[in-house]
Amino acid sequence: MLWGCFSAAGTGRLAEIEGKMNVAKYRDILDENLLQSALDLRLGRRFTLQQDNDPKHTANITKEWLHNNSVTVFEWPSQSPDLNPIEHLWRDLKMAVHQRLPSNLTELERICKEEWQMIPKSRCEKLVASFPKRLMAVLDQKGASIKY
């Protein structure tokens, strides 16, 4: 399992999740990756985090970390894959990794990180720019799935 982030400026860090994800691991991932990704992408401290309503994301320990680090969180409906732009990047990553045919876990992890970094900034920009259009399409469908 992987954790990753991106903005219109490109992809941020990609972190491996060893074992079962729990709230403490999620907080550690944020602590080790989120703010550094924002710096690497030259976002400074002025960014909004979008995450779904997974219990790890909404747990008090996570909310406390986000508050203590002055991270603004975008309110997000649960079960909204049509709106979650990172899902498109996960699909892109999966297809790119599949083409390289990793033969073991170490190779898989290395290839994932390489391919994540090779996702073009233009792809990230397009996903961010398409958000209002996707939002309107979901609203027009009264919350039902859309083709995108």
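**Exercise 1. Find the residues that Trp3 touches beyond its sequence neighbours.** Leave out residues up to four places away in sequence.

*Solution.* Start from contact, meaning heavy atoms within 4.5 Å. With that cut-off, Trp3 touches Arg13, Leu14, Ala15, Ile17, Tyr26, Ile29, Leu30, Asn33, Leu34 and Trp90.

A word on the model: it is predicted, so local features need pLDDT of at least 70 and side-chain atom pairs count only at pLDDT 80 or more, while totals for chains, interfaces and linings use all residues. Residues are numbered from 1 along each chain as its sequence is written, and side-chain values use heavy atoms, with hydrogens and water left out.

**Exercise 2. Place Trp3 in the largest nonpolar core.**

*Solution.* First, the term: such a core is a set of buried Ala, Val, Leu, Ile, Met, Phe, Trp, Tyr and Cys residues joined through side-chain atoms within 4.5 Å. Buried means under 20% relative accessible area (1.4 Å probe, protein chains only). Next, the members: the largest core has 16 residues, and Trp3, Leu30, Leu34, Trp65 and Val71 touch the most other members. Then the elements: β1 (2–7), α1 (23–40) and α3 (60–68) each give two or more residues, and α1 gives the most, with six. Finally, another core of 12 residues lies apart from this one, with Leu14, Leu89, Ile119 and Leu127 among them.

**Exercise 3. Describe the whole protein chain.**

*Solution.* Count the elements, which are DSSP runs (helices H or I, at least four residues; strands E, at least two), numbered from the N terminus. There are seven helices and four strands, in the order β-β-α-β-α-α-β-α-α-α-α. Now check burial: buried residues make up 39% of the 148 residues.

Terms used
Buried < 20%, exposed > 50% of the residue type's maximum accessible area, 1.4 Å probe, protein only.
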